[in-house]
Each structure stands twice: as structure tokens, then as C-alpha cells.
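Q: Please take a close look at one part of this structure. I would like a connected account of a single residue, its surroundings and its charge pairing.

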Amino acid sequence: IKERMTGKSNPSWKGGVTYEKKRGNYDNPVLVRCPEKYKKMARKRGYVLEHRLKVAKEIGRMLKSEEVVHHIDHDPQNNNIENLMLFRNNREHKLYEHNGSPEPIWQPSSQ
């Protein structure tokens with residue numbers, strides 16, 4: 001019987017990281033294998049956007065689907081927690097982008 005070449009046993013394994021195709025103004029957001037605890041946030045293939053997972057872990061809960069994680073420097077591959085903010089929804093995110101308010105519902109304490 002042939003051994004299944006999935007995950008780490010596959011020579012093409014890259015540590016569970018992949019990149020999404022360009023979407024909107026962002027180039028190639030980073031997707032990572034979703035841990036079991038956050039599976040409800042995962043997409044069909046079991047991946048989650050890395051920036052959403054990092055914020056979820058930081059605040060200690062899963063993100064709601066309408067919540068938006070903003071990259072302060074607008075670089076979708078810079079998922080350092082200091083570069084991320086959380087908004088209640090896309091409307092509040094867009095208002096912040098244009099007006100500087102409303103404030104995010106979460107941001108790193110160093111902000």
C-alpha cells in the first residue's frame with residue numbers, strides 16, 4: 001500500500017502556509033492551517049487568514065465573520081500583531097480609513 005503524501009510527508013509541504021490570490025487592493029494574503037480550537041473560522045480546505053487567527057488568539061476568542069482585521073501598514077503579508085487592528089464591521093473599518101474614526105474595537109496595547 002502506498003503511503004499518503006499529505007502534510008509533512010509530502011515533498012511539497014511548506015509548513016501549512018499558502019497564499020491567497022490577489023483580492024481587492026491586497027496582494028496575496030497569507031493563509032495558514034487552522035488549529036482545531038478555531039476551526040469555525042476556517043475556510044472549506046481548513047485554512048484561515050493568518051491575520052484573523054493572530055487577532056483571535058490575542059483576544060482569546062474566535063472572530064465573528066463580520067469583524068474586519070486591518071493592517072496598519074496596508075501590507076497583507078505583515079501579520080505582526082503590532083500591525084493589526086480589529087473593527088466591528090467593514091463599515092467601521094472604511095470610516096476609520098477615511099476619517100480616523102470610529103476607533104477599532106481592539107488594537108495592540110502599544111498603539
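A: Helices and strands here are DSSP runs, H or I over at least four residues for a helix and E over at least two for a strand, numbered from the N terminus. The model is predicted.

The residue to follow is E67, which sits in the loop between α1 (50–59) and β4 (68–71). E67 has a relative accessible area of 5%. The cut-off for buried is under 20%, so E67 counts as buried at 5%.

Leaving aside residues up to four places away in sequence, E67 touches R52, R61, L86, F87, R88 and I105. One of these, R52, is 15 residues from E67 along the chain, and the two C-alpha atoms are separated by 9.2 Å.

R52 also belongs to the helix before the loop: the buried residues of α1 are E50, H51, R52, L53, V55 and A56. The buried residues of α1 pack against β2 (30–33), β3 (47–49), β4 and β5 (84–87). Just after α1, G60 takes a positive phi of about 80 degrees.

Next comes the charge pairing. Side chains of opposite charge can pair when their charged atoms come close. The side chains of E67 and R61 form a salt bridge, with N to O at 2.8 Å. The E67 and R61 side chains are also listed as a polar contact, at 2.8 Å. Burial of the two partners can be compared through their accessible areas: E67 is buried at 5%, while R61 is partly exposed, with a relative accessible area of 32%.

How many salt bridges does a search of the whole structure find? The search finds 2. Besides the E67 and R61 pair, R88 forms a salt bridge with E92, where the closest N and O atoms are 3.2 Å apart. R88 is among the residues that E67 touches. In the R88 and E92 pair, R88 is partly exposed at 46% relative accessibility, and E92 is buried, with a relative accessible area of 14%.

Helix α2 covers residues 90–99, and N89 caps the N-terminal end of α2, with a side-chain oxygen 3.2 Å from the backbone nitrogen of R91. Just after α2, G100 takes a positive phi of about 80 degrees.

In short, E67 is a buried loop residue whose side chain meets that of R61 in a salt bridge.

Definitions and conventions
Residues numbered from 1 in each chain as written. Predicted model: local features only at pLDDT ≥ 70, side-chain atom pairs only at ≥ 80, totals over all residues. Heavy atoms only, no water. Polar contact = N/O pair within 3.5 Å; in protein donor to acceptor, adjacent residues only side chain to side chain. Buried < 20%, exposed > 50% of the residue type's maximum accessible area, 1.4 Å probe, protein only. Contact = heavy atoms within 4.5 Å. Salt bridge = Lys/Arg side-chain N within 4 Å of Asp/Glu carboxyl O.
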